[in-house]
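Trainee: I would like a close look at one part of this protein, the annotated active site. Please take me through it, then through what lies around and beyond it.

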Amino acid sequence: MKTPLPPLLLAVALFQPWISLATCMRQSRIDHLRKGSAEMFYHGYLNYMEHAFPEDELRPISCEPLTRNRSEPWNFGLNDVLGNYSLTLIDSLSTLAILASAPEDGTQIAGSVALRHFHKGVTELVRHYGDGRDGPSGEGLRARGFDLDSKVQVFETVIRGVGGLLSAHLFAIGQLPIRGYEPFPGGEWDTEDPFTTVPVRWAENMVYDGQLLRLAYDLAERLLPAFYTPSGIPYPRVNLRTGIPFYPNSPLHKLRGMDVPKETSNVCDTGSTGGAEDKPEITETCSAGAASLVLEFTTLSRLTGDNRFEQAAKRAFWSIWEKRSSLGLIGNGIDSEQGNWLSQVAGIGAGIDSFFEYALKTHVLLSGQDIPESEFHATPRPPPSRSVSREWLDPSELYIYSPLTSLQNSPEGFLEVWHQAHAAVKRHLYNNYHHPGRDYHHPSYMNVNIETGALAAYWIDSLGAFYPGLLAMAGELEEAVESNLLYTALWSRFSALPERWSLRDGNVEYDIGWWPGRPELIESNYHIYRATQDPWYLHVGEMVIKDIIKNCLTKCGWSGLKDVRTLEKSDRMESFFLGETTKYLYLLFDEDHPLNKLDSAFVFNTEGHPLILPPKRKRPTNPTATKRQSQETLQQAHVAPRKKTPGKRECPVPPQPKLLAGSATAERGDIYHAASQAGLQHTAAQPDRVIHTEDETGQVIMTPANTKEIFPWTLPRGFFPANGTSQRLPDMRMTTLEFPASKEGGSALGDIFPPVNVERIPGSGIRVHTTDKLKLQLVMQPETETTDPVWRVFAVNGLPLGRDETAQLLLPQIIDYNVPLFNVIRNTKQIDITLHFERDAEGESGTRAIVSAYRAAVKNFKSQLTSVLQTFPSDSATPDMPTRWTETLEATTASGSGSGIKGLLTAKSLPVMGSVYMAGLGCSSVLPESVPAEHHVIVFRRGGCTFAEKLANIPPYMQTDEALKLVVVVDENMEDVAIRPHINEAQTLPDGTERKPPVPMILVRSDADSELYDKFQSVWRVTLAKKYYVESRGMRIENLYVVQ
């Protein structure tokens, strides 16, 4: 028997009562869509329970269950997720709990009906997998707990299985709200046994006393072997029954005195002996998979009092963060044993996405909570009510001597990571108008190399659509609204989001065009609506509902799409469609839902399951103590203290509409930019896309949707003025500078195989060794309030440059070069000064030093050593201390008639200086006569008197090789705006007569280096280098450097 399609879904698809010049969506319409989203869930859930339960998923076309593919163990897309433990039911329980707050309207979607389904679902789960106790009650029809011969992915099992069970438990005990449901009127739900709650009687003769919590604990314990790695990063997979016999290098085997298994010992997953299972197990995991376990495992630890899970998940998170590049970017694939990046690509989508999510949400979840002890405490015996049939495992035993710091356990630490990670994303990935990379019409998040920031791929993916919603949660509203437009426009074009979209080609990337029912766009749409209350997002939700009904409805549920271009259905209903997609749609249209009104630190995990920590463990925060503690442990946690990292500290005021339409988003001048970027003008004609509006008399008027211009396509015309125009599409001015072949000429072979004339310098950019056939591609960065328009090199010979990378040309190659539109100009305002340091055999830095520079080198050495020791165990060699090192500073030359800089800048060769005199402020008295006669450099601190007065306190001296060559002023004020010294009168001697020739003076800024002045005492040599820059068409090329 097929579960019939609810009539209300048809009504959602066919009926739309609009107001003609509406300022917002009518409440009756919102209620209609809320009911439609509930019907959407029930159509999938009831068919799953009828045709697929207790298997994992439903085939909605063939009306059959979908299970693991044991004959093809390499089918990770299926086997990683389907663990043979009724996944769709577990994923659906929290949605049922949310629907249980629906109004009591006497229909089959009333809250009381959903609550009965919730109780029945929990009952069925316990019937099949037991109640999580030892003894007969712990044995279910299918298994005792999750004692299943299933090799699953750790990440998917945590977010769906553990997260779903914990969320349902929190609803069951009233910690998450259900309207009208009060299981413990007295408020006391916990007992002395953390695994048993006060019993509450449900329907179906079910007494709930914590069964879901105990099952979550059972499932999580089976995942702990995966955390026994040398790096702290968990293995990607584990067998729920046998653990990790297929990872022979795990320290677990040696710690337990087990025989190290062969690399082919993964046959237990398939039951067969040949084929792919004979290959070594893959140890590569992704950043998101390793670092996105903190919410679920922390909740489990706080509910049970068992700290193992929280510490293991947090260590995994910090292990990933400590591997970030110098740009603050994390990659995609990483080896869980070695901790080495296997993929150098950074993005916000697949493989990386939820790392950012869990950084911010862990801060929210932990806010106001106790910080667990940092020291390792072995637990010799299991807690009450726990099954003792399995060995007690605690991955923290690998890190007895390097426990997590207080900051790594605190909400402040995770917030700091979010701010730094987002700042890196916005700097290096976000392709907006101020930092164009190509002539894209609308901003998007690029995929770049983690070390250089150079463009690595020209596509965005549907998983990245979650990021705007996360930005809305973080208070970054403008970026959230702006970046969300492109994903919404893509949905409006295709009626779904393609898995990958090519920004270069304006179409689906390499036929990766499926949509399996993903929730990311709907999730972001919900969060931005909660932050803005802009009705535009309600119409986006309506568009999604109508398109899913039209394209994904089947007789037994909801299908995915094999290709959004053909709209061909796939015979699989992923569990997240019921666990996330329908949930966010329902909450979008239920303004008064208790979760939408809950004023507590709850979060949705990355599978859409609400989580909250019990209030009994909350404590008041001490802002002063927390700040002091954070500063003391920042370095321990490998989180660099922010100087002025962008980050919202309070909720911003949402943008307000200026016109009668009532939508600030619809009024944005760049809304058509996103339409153009998504190619909305190429949308195929769809006659069934019709908007229904009402005139003043209430008569319904049907008009075709303007799908080629307006999105979402469900948006009424009243949101736009009749004569409205958008801002002009950005005109990204680009040009290419091409250098000819060398005078010696080339050869046919040289034309086929051009010379390798460029080299990528780590942490710097691209060094050009010869200009022979060199090609520089430039893009103009537009004028801003504080800067003039400039060119920027974005590619050298086709190699892309990162945002902070430079292209470097050697001065001898180009100083006399005559290339049209390429002008080399000497920089008279700046000069490079290089400090040379040397450590003698005894480890000291010489008689002239006070060791400040040596201290800086030791600090760097300790940082390297700490990084080595963070990994246990490690065979890495101790880095050698350098005997010589240099530091180059950018100095500002003085201006005016008394600067003395002209002779220095026009000299054919610059002096090499050795002796340095530290003069302090140099304001109170004239320096000794021997100082300028016996020292090459005099160093002053800035302040106390004018620059001219400092110079006037230098006595006269003879011009010899040993005499004064340069005056340096060190500015330690760390001001935001750099200054250039100006001396408008000729230099004078102490007696007031004019100094001839004047001594050149430069200024160096200390920025964050408070020991810069002291460093000059440690140098054994000081050198200078002139600076040059290049102009083209009268504009400077910002990141093209000329190297001598």
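Mentor: We start with the annotated residues and then move outward to strands, salt bridges and surface.

Keep in mind that this is a predicted model. The "active site" label comes from an unreviewed UniProt entry. That annotation covers Glu156, Asp353, Glu499 and Glu520. I will follow two of these, Glu499 and Glu520.

Take Glu499 to begin with. Glu499 sits in a loop, with α15 (477–494) on one side and β13 (500–502) on the other. Is Glu499 buried or exposed? The relative accessible area is 11%. The cut-off for buried is under 20%, so Glu499 counts as buried. Which residues does Glu499 touch, leaving aside those up to four places away in sequence? Ile460, Asp461 and Ser462 are among them. So are Ile512, Gly513, Trp514, Pro516 and Arg518.

Now Glu520. Glu520 belongs to helix α16, which covers residues 520–532. Glu520 is buried as well, with 10% relative accessibility. Leaving out residues up to four places away in sequence, the contacts of Glu520 are Ser462, Leu463, Ala465 and Phe466. Note Ser462. Ser462 touches Glu499, and Ser462 also touches Glu520.

The strands here deserve a look. β13, at one end of the Glu499 loop, belongs to an open sheet of three strands. The order is β12-β13-β14, and the pairing is antiparallel. β12 (459–461) and β14 (507–508) are the edge strands, each pairing on one side only. Two bridges join β13 to β14. In that pairing, Trp501 stands opposite Val508 of β14. The contacts of Glu499 include Ile460 and Asp461, and both positions fall within β12 (459–461).

Helix α16 leads us to a salt bridge. Arg530 pairs with Glu591, and the closest N and O atoms are 3.0 Å apart. Arg530 is in α16, while Glu591 is in the loop between α18 (575–589) and α19 (594–597), so the pair ties together parts 61 residues apart in sequence. Where does this pair stand in exposure? Arg530 is partly exposed, with a relative accessible area of 24%. Glu591 is partly exposed too, at 28% relative accessibility. So helix α16 holds the buried Glu520 and the partly exposed Arg530.

That pair belongs to a wider set. How many salt bridges does the structure hold? The count is 40. Side chains of opposite charge can pair when their charged atoms come close. Arg427 and Asp804 form one such bridge, at 2.5 Å from N to O. Arg427 lies in helix α13 (residues 411–428) and Asp804 in the loop between β28 (799–800) and β29 (806–810), so this bridge ties together parts 377 residues apart in sequence. Arg427 is partly exposed at 32% relative accessible area. Asp804 is partly exposed at 41%.

Arg222 and Asp218 also meet in a salt bridge, at 2.9 Å from N to O. Both of these residues are buried. Elsewhere, a network of salt bridges links Asp131, Arg133, Asp209 and Arg214.

Next, strand β37, residues 1021–1032. Why call β37 largely enclosed by the rest of the structure? Because nine of its twelve residues are buried. Strands of a sheet pair through backbone hydrogen bonds, either parallel or antiparallel. Eleven bridges join β37 to β30 (residues 823–838), and the two run antiparallel. Leu835 has Val1022 of β37 as its bridge partner. Two bridges join β37 to β32 (residues 912–913), again antiparallel. There, Met913 stands opposite Val1022. Val1022 therefore faces two partners, Leu835 and Met913.

β37 also pairs with β38 (residues 1035–1036), through two bridges and antiparallel. Ser1032 has Met1035 of β38 as its bridge partner. β37 and β38 form a hairpin with two residues between them. Arg1033, in the turn, has a positive phi of about 55 degrees.

Last, the surface. Trp74, Phe76 and Ile282 make a nonpolar patch of about 290 Å². Phe76 lies in helix α3 (residues 76–79). Phe76 counts as partly exposed, at 30% relative accessibility.

To return to your request: Glu499 and Glu520 are both buried, and Ser462 touches each of them.

Conventions. Residues are numbered from 1 along each chain as its sequence is written. This is a predicted model: local features need pLDDT of at least 70, side-chain atom pairs count only at pLDDT 80 or more; totals for chains, interfaces and linings use all residues. Side-chain values use heavy atoms; hydrogens and water are left out. UniProt positions are given in the numbering used here, feature names are shortened, and annotations may be inferred rather than shown by experiment. Helices (H or I, at least four residues) and strands (E, at least two) are DSSP runs, numbered from the N terminus. Buried means under 20% relative accessible area, exposed over 50%, partly exposed in between (1.4 Å probe, protein chains only). Contact means heavy atoms within 4.5 Å. Patches are made of residues with over 30% relative accessible area and no salt bridge: like charges are joined within 9 Å, nonpolar side chains (Val, Leu, Ile, Met, Phe, Trp, Tyr) within 5 Å. Accessible areas come from the Shrake-Rupley method with a 1.4 Å probe; for residues, only the protein chains shown count as cover. A salt bridge is a side-chain nitrogen of Lys or Arg within 4 Å of a carboxyl oxygen of Asp or Glu.
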